[in-house]
Amino acid sequence: MPVVIGFEGSANKIGIGILRDGEVLSNPRRTYITPPGQGFLPSETARHHRSVILCLLQEALDQAALGPADIDCVAYTKGPGMGAPLVTVALVARTVAQLWGVPLVGVNHCIGHIEMGRLITRAHNPTLLYVSGGNTQVISYSERRYRIFGETIDIAVGNCLDRFARVLKISNDPSPGYNIELMARRGTQYVELPYTVKGMDVSFSGILSFIEEAANKMLASSQCTAEDLCFSLQETLFSMLVEITERAMAHCGSKEVLIVGGVGCNLRLQEMMGVMCEERGAKLFATDERFCIDNGAMIAQAGWEMFRSGQVTKLKDSWITQRYRTDEVEVTWRD
């Protein structure tokens, strides 16, 4: 079976994973962490990735106990994502493919999440909720495409959480969303927030603007605690996501839900989705932080599927695409 190495670096995490026939041989990762109250800029994130990528490559090979001669294909994230980090990782992947004399495969980041989730959970044909810092989509597979049933019309759910974390000066270590989740567990009072579902699509920017403006006033007057605000924000955002996921399930007649992407690690989101699935007689699938957070193995897995089905990226076509939609990819490896 072919051995594929995957390079991921579309945002503030950089990972390199090696995979063979569904077995993850190695999957090291590094995260660029900024001070509380700050986000991460593309140029600084790319600088971080450049400083660690060669050490990370050696670490991945060492963990897998493999050498360059054992690699059959190099996969890299083509997009979507932040331009400078994507370019940094793509350049290294292209160079490695040429030095080692193996084919190159450009992978859609979203497809990487989906295929990793399918591999780990063994879900058959689920309705997919893809939630991360840069993407929010409800997806279902049909006729060699991952079809988008609904999505955010402005910012992603992860971005909404991250930006609220900056308002409260919550630490970015290990991630702002995870720290919000921990604070939300201590919240006891629900603060009513705007709830914006438009058909199958959702909007998060209005909720963010409302809570950004209200937070300092409410905290200063002791109307609620920071934990209450984190709790309220999570409950509102996740209720919206459960609603559109259930509607997609009803349309498709689906009995499975698979949550993928970094926000998919959130145990409260999994709990709320699980309640909905139980009421519908459906089954919920999710992964832990090893595979739902951006990682190299997910790119290797999608690249493995693409490579085995005959998809190879020519060197002259190995650019990056910051806006690379999930439904643009022809899924040649599924019936």
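**Entry 1: tyrosine 130**

I began with tyrosine 130 and listed what it touches, skipping neighbours within four places in sequence: His109, Cys110, His113, Asn135, Thr136, Gln137, Ile139, Val260 and Gly261 are in contact with it. A note to myself before going on: this is a predicted model. Tyrosine 130 sits in strand β7, which covers residues 127-131. I then asked whether tyrosine 130 is buried or exposed. Its relative accessible area is 0%, so tyrosine 130 is buried. I also found a polar contact of 3.2 Å between the side chains of tyrosine 130 and asparagine 135.

**Entry 2: the annotated binding site**

Next I checked the UniProt record. An unreviewed entry there gives the feature "binding site" at His109, His113, Tyr130 and Asp294. These positions are spread over 186 residues of sequence, yet they cluster in space, with a largest C-alpha distance of 12.2 Å. Two of the names, His109 and His113, were already in my contact list for tyrosine 130.

I looked at aspartate 294 as well. I found it in the loop between α9 (289-292) and α10 (296-308). Its relative accessible area is 12%, and because that is under 20%, aspartate 294 counts as buried. Beyond four places in sequence, aspartate 294 is in contact with Glu8, Ser10, Ala11, Lys13, Arg29, His109 and His113. So His109 and His113 turn up here, as they did for tyrosine 130.

From UniProt, again an unreviewed entry, I also noted "domain: Gcp-like" at residues 29-300. Over that stretch I get 51% helix and 17% strand, and the end C-alpha atoms are 14 Å apart.

**Entry 3: the cysteines**

How many disulfides are there? The count comes to one. It joins cysteine 265 and cysteine 292, whose sulfur atoms are 1.7 Å apart. The link of cysteine 265 and cysteine 292 is right-handed, with 60° about the S-S bond. The pair ties together distant parts of the chain: cysteine 265 is in the loop between β12 (256-260) and α8 (267-280), cysteine 292 is in helix α9, and they are 27 residues apart. Cysteine 265 and cysteine 292 are both buried.

Why does cysteine 73 have no bond to cysteine 110? Cysteine 110 holds the closest cysteine sulfur, but it is 19 Å from the sulfur of cysteine 73, which is too far for a bond. Cysteine 110 is in no disulfide either; its nearest cysteine sulfur, in cysteine 292, is 15 Å away. I checked burial for these two as well. Cysteine 73 has 0% relative accessibility and so counts as buried. Cysteine 110 has a relative accessible area of 1%, so cysteine 110 is buried.

**Entry 4: valine 3**

Cysteine 73 led me to valine 3. The two are 70 residues apart in sequence, but 6.7 Å apart in space from C-alpha to C-alpha. Valine 3 belongs to strand β1, residues 3-8. With 5% relative accessibility, valine 3 counts as buried. Apart from neighbours within four places, its contacts are Ile18, Leu19, Arg20, Leu66, Asp70, Ile71, Asp72 and Cys73.

**Entry 5: helix α7**

Last, a quick check on helix α7, residues 226-252. At 1.5 Å a residue, its 27 residues should span 39 Å, and the end C-alpha atoms are 39 Å apart, so the two agree. Just after α7 I found glycine 253 with a positive phi of about 65°.

Terms used
Residues numbered from 1 in each chain as written. Predicted model: local features only at pLDDT ≥ 70, side-chain atom pairs only at ≥ 80, totals over all residues. Heavy atoms only, no water. Helix = DSSP H or I, 4+ residues; strand = E, 2+ residues; numbered from the N terminus. Expected span 1.5 Å × (residues − 1). Buried < 20%, exposed > 50% of the residue type's maximum accessible area, 1.4 Å probe, protein only. Contact = heavy atoms within 4.5 Å. UniProt positions renumbered as here; feature names shortened; annotations may be inferred. Polar contact = N/O pair within 3.5 Å; in protein donor to acceptor, adjacent residues only side chain to side chain. Disulfide = S-S within 2.5 Å.
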